[in-house]
Amino acid sequence: MDTYADLVFVGGRVVTVDAEFSVASALAVTGGTISAVGGRDDVTPLVGPDTRVIDLRGATLLPGINDSHLHGCAFGMASPPLSLDLGHPAVASLAEVARAVGETVGRVPEGQWVTGHGWDTGYLDECLRDASRLPSRHDLDAVSPDHPVVLYSFSGHATWVNSRALDLIGIDRHTVAPPGGTIVVDETGEPTGLLHEGAQALVQNALPPLSRQERADAIRSTLATLARLGVTSYTEPGLGPGGDGIMRGALGTLTLDVYRELLADGELTARVGVLLLPTGMASTAEEFARNLTAVDGPHATDPRRLAIHGVKLFADGVVPNKTAWMNEPYVGGGCGSLCVGGDTDHERAAELGVMIRHAHAAGHQVGVHVTGDRAIDTVADAFSAAVAEHPRPDARHYLIHGDFLTDHSMEVLAAHGFGVNMNPTIKWTVADLEEEFVGAERAAYAWPYRAALDAGVRVVSGSDAPVTAPDWRQGIATMVLRESKAAGRVSGPEQRISLAEAIRTYTIDAAWQDFAEGWKGSLETGKVADLCVLDGDLFSVDPHDIPHLPVTLTVVDGRIVHDTLGD
């Protein structure tokens, strides 16, 4: 035998995710490539003196997981010790948030900014008891009168600051919010300390930008977490000038340079696809077109490890802020709106269409953050119009989130081969909360996996970390069960999909979004050896137990990056 395998797996369920979703029992890896898939007899001839043979003992071997929407640098910055963890279950009330801030204030130098991430009114006791009770600067002032405090919500679409921060930023009752943003005020007209959507840039512009070292450390932290979870690929959705004012520039141009440096130094232990971000949450077509020509810098030397796929733009906001653009009013009134420039709905829709046409004509894949049903139809129609004006085969544009897909939008997406990037772990997190904003029926429908797949739309899944943890196991369970995090209630059972369909959204179909289904995303001979081992039989376990199945081994390009099998 001229070439022996480096790794051989036997005695398990090798879930290939090929066209037939066939299941084998053995697999071999030679170099960075899958060299055999089948039974024990198919891999035995490849075993040499230096081959590591792993008896799976009934465990499940999957293609490496592809989280198709994950803010890598931002997730690292939002995680301890770089930031306070204010998500559920770390904190359960506004009082506990204040306590955590106060403890931090006692440890940091005078005047230093205190940052935290993950607060969610759907899990804070005071807000649950009184729907009108929202986080306020007054909650933080008592524990931090001199240190500026900035706390980011789990969604990334709201920021909570104290009075000291407002003073340093220069926000008062006379401050006008940027287009597409909101400075929340009380009954006297004074800012409460809550900023929504584009108004968050006022905070970011006042914060010291992240250093190159801080960005590198944040990404390294994320890579370590992803390796432990079996995630071997992810899409970093939006790096560029439009991200320079988001999370201290975590989504900015410099972050892309840091990714290139980590690749060159051999530290990039996951494959990364990038959407460039020409402009921020609120933009005009003129600004977008001007910046579009400047964002596409030098590409990486290894496009299978770090690739730029296209551009991202924002269409609207999110339901919990009532900034998603809906056809029917929210509970309590209002329909939201598009967040791009323009004084009327018609003008804003036209501006959005021009942006999409610019990006499409320039040859980019386009991913659009869009959540409300009216906004989704607007984006889908803009995709269609762009292709009609500038025919280009296989553009693979896609909706990011697509919470409230309509029949019309699904028909358009399917007809043109466009996709939707959904977020099952967000569905799990907000299913109960959304009822108070859009009612029970619409909340149950949100993220309609079954309807989209049945309509022929390509559906992929991502965590949107740091909005939710990048735990695809919970995502799988949610797609199969449609149960909520807070109450465990079923939310939209008619939108459940099968386990096999759910796995595809994190593997081969996520690879399709990356234009990479020919070389990754399934366990087939000749494809790259990106692997994930789960300790247990994924297909016989109760779906409720899937999130608790340990990831025991992760392999990227034939290299082991996480291994507890020898423990």
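Pro89 sits in the loop between strand S9 (84-85) and helix H3 (94-105). In this predicted model, the peptide bond that leads from His88 into Pro89 is cis. Its omega is near 10°. A cis bond also joins Ala465 to Pro466, with omega near 15°. To find Pro466, look at the loop between strand S21 (458-461) and helix H17 (472-481).

Another loop holds a backbone feature of another kind. Arg396 is not a glycine, yet its phi is positive, at about 60°. This arginine lies between helix H12 (373-389) and strand S19 (398-401), in the loop that joins them.

Helix H12 leads on to the helix packing. H12 pairs with H11, and their axes come within 9 Å. The two axes cross at roughly 45°, which makes H11 oblique to H12. The crossing is right-handed. On the H11 side, the contact is made by Asp345, Ala349, Leu352, Gly353, Ile356, Arg357 and His360. H12 brings Arg374, Thr378, Val379, Ala382, Phe383, Ala386, Val387 and Glu389. Sorted by class, this contact has 8 nonpolar, 3 polar and 4 charged residues.

H11 has a further partner. Helix H10 (residues 285-295) and helix H11 (residues 345-361) have axes that come within 9 Å. Here the angle is roughly 15°. Angles under 35 degrees count as roughly parallel, so H10 is roughly parallel to H11. H10 passes H11 in a right-handed crossing. From H10, the residues in contact are Ala285, Phe288, Ala289 and Leu292. From H11 they are Glu351, Val354, Met355, His358 and Ala359. What classes make up the contact of H10 with H11? There are 7 nonpolar residues, 1 polar and 1 charged.

Now turn to helix H8 (residues 212-229) and helix H9 (residues 253-264). Their axes come within 10 Å and cross at roughly 60°. The crossing of H8 and H9 is right-handed. Which residues of H8 meet H9? They are Arg212, Arg215, Ala216, Ile219 and Arg220. Across from them, H9 offers Leu254, Thr255, Asp257, Val258, Tyr259, Glu261 and Leu262. The class count for the contact of H8 with H9 is 6 nonpolar, 1 polar and 5 charged. Among the charged residues are Arg212 and Arg215 of H8, and Asp257 and Glu261 of H9.

Next come the spaces in the structure. How many cavities of 30 Å³ or more does a search of the whole structure find? The search finds 1. The largest cavity has a volume of about 70 Å³. Its lining draws on separate parts of the numbering. Pro63, Gly64 and Asn66 take part, and so do Thr232 and Ser233. The other lining residues are Thr507, Lys520, Gly521, Ser522, Leu523, Val528 and Asp530. By class, the lining of the largest cavity has 3 nonpolar, 7 polar and 2 charged residues.

The second largest pocket encloses about 620 Å³ of space. It is lined by 30 residues. Which of them are the closest to its centre? Thr121, Leu134, Pro320, Glu436 and Phe437 are. Three elements each supply at least two residues of the lining: helix H4 (125-129), strand S14 (191-197) and helix H15 (435-445). The lining of the second largest pocket divides into 17 nonpolar, 8 polar and 5 charged residues.

Terms used. Residues numbered from 1 in each chain as written. Predicted model: local features only at pLDDT ≥ 70, side-chain atom pairs only at ≥ 80, totals over all residues. Heavy atoms only, no water. Axes fitted to C-alpha atoms, helices over the stretch in contact; angles between N-to-C directions. Helix = DSSP H or I, 4+ residues; strand = E, 2+ residues; numbered from the N terminus. Parallel < 35°, antiparallel > 145°, perpendicular 65-115°, else oblique. Left-handed = near helix turned anticlockwise from the far one by under 90°. Contact = heavy atoms within 4.5 Å. 1 Å grid on protein atoms, 1.4 Å probe; cavity = no way out; pocket = protein on both sides within 12 Å on 5 of 7 lines; lining within 4 Å. Points joined across faces, edges and corners; volume = space filled by probe spheres on them.
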